[in-house]
Amino acid sequence: MILNSVVNWICFVLVVGGISLASARPSLRADACGYQTCPAEKEGFINVHLVAHTHDDAGWLKTVDQYYYGARSQIQEAGVQYIIDSVVDELKDHPDRRFIYVEMAFFTRWWQEQTETTKALVRTLVNEGRLEFINGGWCMNDEATAHYVDIIDQMSFGLITLNDTFGECGRPRISWQIDPFGHSREQASLFAQMGYDGLFFGRLDHEDKKERMAKKTMEMVWSGSDSLGAQASLFTAVNYNLYQPPPGFCFDIYCNDEPIIDDPRSKDYNVEKRVTDFLNYCQEQANAYATDSILLTMGSDFHYQDANVWFKNMDKLIKYANERQATGSRFNLFYSTPSCYTKALNDHAKTWPSKTGDFFPYGSDAHAYWTGYFTSRPASKYMIRQGSNLMQSCKQMDAALVRQGVATNQVGELFTMKDAMGIMQHHDAVTGTEKQHVAEDYALLLHKGVVECQKIQTAYYEKELVIGNQVLPKVSYCQLNVSQCDPTEKNNRFVVNIYNSMARSVDKYVRVPVASGTAFQVLDPQGNVVASQTVPIAEYVKSLPGRVSSATVELVFLASQLPPLGSKSYYVQPGTISKDEQHEPQNKFAISNEKVSVEIDDVSGLIKSVTVDGKTTELKQEFLWYPSKSGDNSEADKRASGAYIFRPDNDDVFAIPSSGIKTTTYSGELVEEVHQIYNPWVAQTIRLYKGQEHVELDWVVGPIPVEDGTGKEIINRVTTSIASSGMFYTDANGRQTLERRFNIRDSYPYTVTEPIAANYYPVNSHAYIKDAVGNQVTMLVDRPQGGSSLHNGELELMVHRRCLYDDSFGVGEALNETAYGDGLVVRGTHFLILGDKTNSMKMARSLSHELYKQPQISFIPTSLSFSDWSALYKTQQQSLSRTLPANVNLLTLETLNQGKYLMRLEHIYDVGEDSILSQPATVSIEGLFPGFTVTSAEETMLGGNQFKKDSNRLVWNVASTSNTNEDGQQIWDERAIPAVQLKPMEIRTFIITLVRI
């Protein structure tokens, strides 16, 4: 996959956590801050909570640095450092004023620049509740395209930073997702497990909002999981005006609204009118909510660079509005925060409506469905997913080094990677909705992090592989996504190191480009010859823009039983050419292994059937395209398809232009594959490896032609005869699965205006269709994509899009990515599984975790023989003494300090997905780490910033819910440690202390 010359590497990225809870500075006792500092409401009044806030994007129209420093003002007047400076200055002498701050990526940078005097002042403001942190993640993450592991990591990074800096009084109690473009059920579940008392957001479908306002159900208790019950439920509120101030009452220096002029001698005196208008708006808002408490957002994007202007006018509003109480006004205005508002609602002891499902897709009007960003910038999305994968390995490697006494802060700068990957989860980063120059800066941030991560990897191998005092030769990392690797192409002897970050043994088929015309032999760690095969590199891979390689073949071998949290080294040396080696194409239209066969139609060149364990399913898989709608966005029905919005020009989908799909088949001992070429910009390899139960679809799309003036959005569609009854299923952030129904919304009356775009949903891991008897077709993805089932028996995923018009939602550019002087070329993979109700989810869950945590591969050229190499270096090692159960994932293992580590264990199955694997699991952590004993294990909330025993979430009365799982408790129980029990979908987090035996 190619993005541009800056990011030709597109391989790996690192995020590592590690700010110790043990170092948290207890600023005040927990009962001396938080809700205890909230202003009191007045009974019998409409209490108006004014929330002063700024929404600071971690990149969008400007880069993160440009936003922080206030550079490039011609693009946008925004400087975050000035905002925080100004707010602190305005709060210090006014004890009644309050302000909330969200994005720790910015605040942490600002904090590091402050004097001790300023830090002391800020700590006082935090302790007194006048400056309150809300959300507290490194950024305000997207909810459609962010993987759940990345959400947890970026939130944990910010929360632990706050805990380390301010102690309990810095702990956010409310999640604040005011700008993401739709909201995920899994996100709500994760927030609840982090200990939040409430969630506020701004965007939901326009018809949903209309219905909720009419029924006064803008606030609810959201059931976040069918498996976890109450512990995943979260009070949720929808903001009345997105996150903007009331119309006419924007007092920022860049707004044009009239200030409050309260000198009666002035001819412009306007107090009476301004207060009346404001209170009329408050009444309008109160009419849409269920209590006499309302929250008004007083701020917007990068507001408060001159905080005095905002606060001075709000002071006047509060003063003059409250003076009217003496003459009968029922409005009571005061500075507040979302947490204080939430506590006030909880004190009402009202019974609240419930919510299940999610808030996708988001339609801001009848023709603007925000479903294009599910796929926008597919190369960036792939980079982030690969970075997330590497992140887990690097955290584990760092922890292993620390246990061996290595000072890892002198090896690689993990903060660089953690910062980069935290920023990547921002709702204008992983979404692909930023300006092009910002996308390039994001890529540069990732690149800098990659360099640091590779230092950690290298240090790990130097420590773990070396026997005695030997020096390990240089470790190299390759761009295998474009089949380019100097160490394997220019050497006939090399070592392949393969690290497995999973807590169970896995098999991995390794493919590396090698010199043409040379035979190779592969030896396993014990020196045994393992089966290998050389396969021609597809022409469309060899011609990827930016690829610098003369290799025409790839060496394939199976790395089997890779140890948990460990590595194996395979030795490659010259061999002899086998008579069975097939480099010439074969004249056949089928490929097969022991379990699966794929038949190709000899006329169309498309798949026509797939047989699994003797059962044949008629199936067609093809690439198609939607024409992007053009328009000037002047009216709703003139909305263009763009970075945010998917809007096809009509309801038709078109075949990829082709003079006939060309197919070439190659067969061998380990893999059989069909190279399938539609035209110069769409091609695919259909692949079956020996022993595997899924079909691999390795596609290359681009450059998408637009010379005809039409933007194009490319999909991969599978068509079967499965009677899916208008239903399909997609994952939420890579975890739980949600049912979708074509053209139906469960919670509000839905008007069909965009029958294609409005039926698209985010896919991070899997999507499937099934029939009444359990026949199921599942597609797994290697990055976030949009997907749907628009007709019975169909399943489609959008892989690439190139639009020629801006959709007028702020970014100001068409989504027209180019690289190397032409449209962007993207390479990716889908994984097709056919099964029934007894095995489909088992295969999908297992494979999705293997794909997310694919082993990390590195190379060492050598002139040594295998016997000499194995005498000097270990060829196999592991950091875990045993494998974990098949339904348990070691989600996190990272260094804190003083012998402490953050560890998360998760149950990866939902209730009812598998008769065996959906049962509760038990894991003993005693003796899990070779050479070390666990001397303590303290359970924390999911964010790692609060001990579980100290959590005391607010309890809400709920009218009704379909989720009555009694196992989920809001008051957490203390369960036996080190025997960790996990129920379906549960994640448990511990700070463990390891001491060498």
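Which glycine takes a positive phi in the hairpin of strand 22 and strand 23? The residue is glycine 605, with a phi near 80 degrees, and 6 residues lie between the two strands. The model is predicted: local features need pLDDT of at least 70, side-chain atom pairs count only at pLDDT 80 or more, and totals for chains, interfaces and linings use all residues. Residues are numbered from 1 along each chain as its sequence is written, and side-chain values use heavy atoms, with hydrogens and water left out.

Strands (E, at least two residues) and helices (H or I, at least four) are DSSP runs, numbered from the N terminus. Two strands pair if DSSP finds at least two bridges between them. Strand 22 (residues 596–600) pairs with strand 23 in the antiparallel sense over 5 bridges. Serine 597 faces threonine 611 of strand 23. Strand 23 also pairs with strand 24 (residues 615–627), antiparallel and over 5 bridges. Here valine 612 stands opposite lysine 615 of strand 24. The hairpin of strand 23 and strand 24 has 2 residues between the strands, and its aspartate 613 takes a positive phi near 50 degrees. Strand 23 (residues 607–612) is largely enclosed by the rest of the structure, because 5 of its 6 residues are buried. Buried means under 20% relative accessible area, exposed over 50%, and partly exposed in between (1.4 Å probe, protein chains only).

A second hairpin involves strand 36 and strand 37, with 5 residues between them. In its turn, glycine 793 has a positive phi of about 85 degrees. Strand 37 (residues 794–802) runs antiparallel to strand 36, and 2 bridges join them. Leucine 797 in strand 37 is the bridge partner of glycine 787. Strand 33 (residues 761–763) pairs with strand 36 as well, in the antiparallel sense over 3 bridges. Tyrosine 761 stands opposite glycine 787. From strand 36 (residues 785–788), Gln785 and Gly787 point one way and Gly786 and Ser788 the other; all are buried.

An open sheet of 3 strands has the order 15-19-18, with antiparallel pairing. Strand 15 (506–514) and strand 18 (532–536) are at the edges with a single partner strand each, so one side of each has no neighbour in the sheet. The twist averages 30 degrees from one strand to the next (axes are lines fitted to C-alpha atoms, for helices over the stretch in contact, and angles run from 0 to 180 degrees between N-to-C directions). Strand 18 and strand 19 (residues 553–562) share 5 bridges in the antiparallel sense. Threonine 534 stands opposite leucine 555 in strand 19.

Empty space was examined next. On a 1 Å grid over the protein atoms alone, a cavity is a set of points where a 1.4 Å probe fits but cannot get out; a pocket is an open set with protein on both sides within 12 Å along at least five of seven lines, and lining residues have an atom within 4 Å of a point. Grid points are joined across faces, edges and corners, and a volume is the space filled by probe spheres set on the points. The structure holds 14 cavities of 30 Å³ or more. The largest cavity has a volume of about 180 Å³. It is lined by 16 residues, and Arg385, Val781, Ser848, Leu851 and Tyr852 are the closest to its centre. Helix 11 (378–403), strand 35 (776–781) and helix 16 each supply at least two lining residues. Helix 16 gives the most, with 4. The lining divides into 5 nonpolar, 9 polar and 2 charged residues. In this scheme Ala, Val, Leu, Ile, Met, Phe, Trp, Tyr, Cys and Pro count as nonpolar, Asp, Glu, Lys and Arg as charged, and the others, Gly among them, as polar.

Helix 16 has 13 residues and reaches 18 Å from its first C-alpha to its last, close to the 18 Å expected at 1.5 Å a residue (1.5 Å times one less than the number of residues). The helix is mostly covered, with 10 of its 13 residues buried. Among them are Ser848, Leu851 and Tyr852.

Helix 16 (840–852) also supplies at least two residues to the lining of the second largest pocket. That pocket has a volume of about 1,000 Å³. Of its 45 lining residues, Arg185, Gly357, Leu738, Glu739 and Asp746 lie nearest its centre. Strand 32 gives the most to this lining, with 5 residues.
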